[in-house]
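These are my notebook entries on one protein model, written down in the order in which I looked things up. I began with the overall layout and went on to finer details.

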Amino acid sequence: MLTDTLATANDARATKAIRPVAWADTIDDQSLDQLFRAARTHYHWLERPVPQALLRRAIDLAKMGPTSANTMPMRVVFVASAEAKARLKPALAPQNVNKTMLAPVTAIVGYDLDFPDLLPKLFPHVDARAWFAGNAALIADTAYRNGSLQGAYLILALRAVGLDVGPMSGFDPAKVDAEFFVGTRVRTNFLINIGYGDTTKLFPRSPRLAFEEIAHFA
Ligand SMILES: Cc1cc2nc3c(=O)[nH]c(=O)nc-3n(C[C@H](O)[C@H](O)[C@H](O)COP(=O)(O)O)c2cc1C
């Protein structure tokens, strides 16, 4: 039933020629390994620089992931200079200091509470900005949900361009906001250390839940 429904949807799209490339069943095994199965969270980094061009590519991929009403609230600061790392350091939980100071780049993944101001550009066919006017709870909810989704797209996009990541929530977001987002309504969500991970320092992968523990068909 589910398969039939998907097949019908696929056929409809193919008939309308919306999709610019042929349908593939699943991306190849090497790509699945790079994105998911062999990819790990890294805490130790090789002394190999991360070109800014790769970070640009990752953002350009991640931004294509869906957000509600195309709100795109994620904002990112790529912290790479020693001066900027020093500004980030006091906000970090003690266990995250060394891994962050030694990472070639640390992304501060934030979300912009002023995202509705861009909706005339991003969702121009309706007055979407009006949906959020005066509704601080809806703005915060939408910004956090979609900013987090975009952060996850960014993690996968970074892996897709060959980089390794180490996401972190062990830090004081108010301190990061005060240091990097002062004068804006951008709020820090989480951090991502980025570089080429030292696989020799990895510990065994933690277990994952089984399909039945995560999902069921209704
Ligand atoms: C949102 C988020 C926050 C995390 N915070 C921290 C952190 O503060 N410090 C840390 O050492 N690891 C942190 N981690 C790493 C997780 O423990 C790790 O990704 C998880 O155990 C899976 O590891 P694996 O990718 O190697 O399988 C965080 C991961 C995520 C996604």
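**Entry 1, overall layout.** I counted the elements before anything else, and the protein has 10 helices and 4 strands. I should record at once that the model is predicted, so that each value below is read as computed from that model. Going along the sequence, I wrote down the order of elements as α-α-α-β-α-α-β-α-α-α-β-α-β-α. For the extent of the protein I took the C-alpha trace along its principal axes, which spans about 55 × 50 × 35 Å.

**Entry 2, burial and contacts.** I then asked what share of the 218 residues is buried, and the figure came out at 28%. For the contacts I kept the pairs that are at least 6 apart in sequence, and of these 82% join residues at least 24 apart.

**Entry 3, the ligand shell.** Which residues surround the ligand? I listed R40, T41, N96, P167, M168, S169, G170, F190, R205 and S206. Sorted by character, the shell around the ligand divides into 3 nonpolar, 5 polar and 2 charged residues.

**Entry 4, the largest nonpolar core.** This core holds 35 residues, and the ones that touch the most other members are V109, L154, L158, L191 and I194. I looked up which elements give two or more residues to this core, and they are α3 (52-62), β1 (74-79), β2 (105-112), α8 (136-160), β3 (164-168) and β4 (186-195). The element that gives the most is α8, with 7 residues. I followed up L154 on its own and, setting aside its neighbours within four places in sequence, found it in contact with A58, A62 and V109.

**Entry 5, helix α8.** Since α8 gives the most to the core, I checked its geometry next. The helix has 25 residues, and the distance from its first C-alpha to its last is 35 Å, close to the 36 Å expected at 1.5 Å a residue. Its buried residues are I139, T142, A143, N146, G147, Q150, G151, Y153, L154, I155, A157 and L158. I also noted where these buried residues pack, namely against α3, β1, β2, α7 (129-132), β3 and β4. Just after the helix, G162 takes a positive phi of about 95 degrees.

**Entry 6, strand pairing around β4.** I turned to β4 and found it mostly covered, with 10 of its 10 residues buried. How many bridges join β2 to β4? I counted 8, and the two strands run antiparallel; as one example of register, Y111 stands opposite R187 in β4. The strands β3 and β4 also run antiparallel, and 5 bridges join them. On that side I noted that D164 has G195 in β4 as its bridge partner, while V165 stands opposite I194 in β4, I194 being one of the core residues that touch the most other members. Like β4, I checked β3 for burial, and the strand is mostly covered, with 4 of its 5 residues buried.

**Entry 7, positive phi values in a loop.** I searched for residues other than glycine with a positive phi, and among them is A69, whose phi is near 50 degrees. This residue lies in the loop between α3 and β1. Is A69 buried or partly exposed? I entered A69 as partly exposed because 17 C-beta neighbours lie inside 10 Å. The next entry is N70, which is not a glycine either and has a positive phi of about 55 degrees. N70 is placed in the loop between α3 and β1, and with 14 C-beta neighbours inside 10 Å it therefore counts as partly exposed.

**Entry 8, E47.** My last look-up was E47, whose place is in the loop between α2 (29-37) and α3. I wrote down that E47 is exposed, because there are 9 other C-beta atoms within 10 Å. I then checked how far E47 is from P104, a residue 57 residues apart from it along the chain, and the C-alpha atoms of the two are separated by 7.9 Å.

How values were computed
Residues are numbered from 1 along each chain as its sequence is written. This is a predicted model: local features need pLDDT of at least 70, side-chain atom pairs count only at pLDDT 80 or more; totals for chains, interfaces and linings use all residues. A residue is buried if 20 or more other C-beta atoms lie within 10 Å of its own, exposed if 12 or fewer, and partly exposed in between; C-beta atoms are placed from the backbone. Two residues are in contact if their C-beta atoms, placed from the backbone, lie within 7 Å. A residue is near a molecule or strand if its C-beta atom, placed from the backbone, lies within 6 Å of it. Ala, Val, Leu, Ile, Met, Phe, Trp, Tyr, Cys and Pro count as nonpolar, Asp, Glu, Lys and Arg as charged, and the others, Gly among them, as polar. A nonpolar core is a set of buried Ala, Val, Leu, Ile, Met, Phe, Trp, Tyr and Cys residues joined through C-beta atoms within 7 Å. The expected span of a helix is 1.5 Å times one less than its number of residues. Two strands pair if DSSP finds at least two bridges between them.
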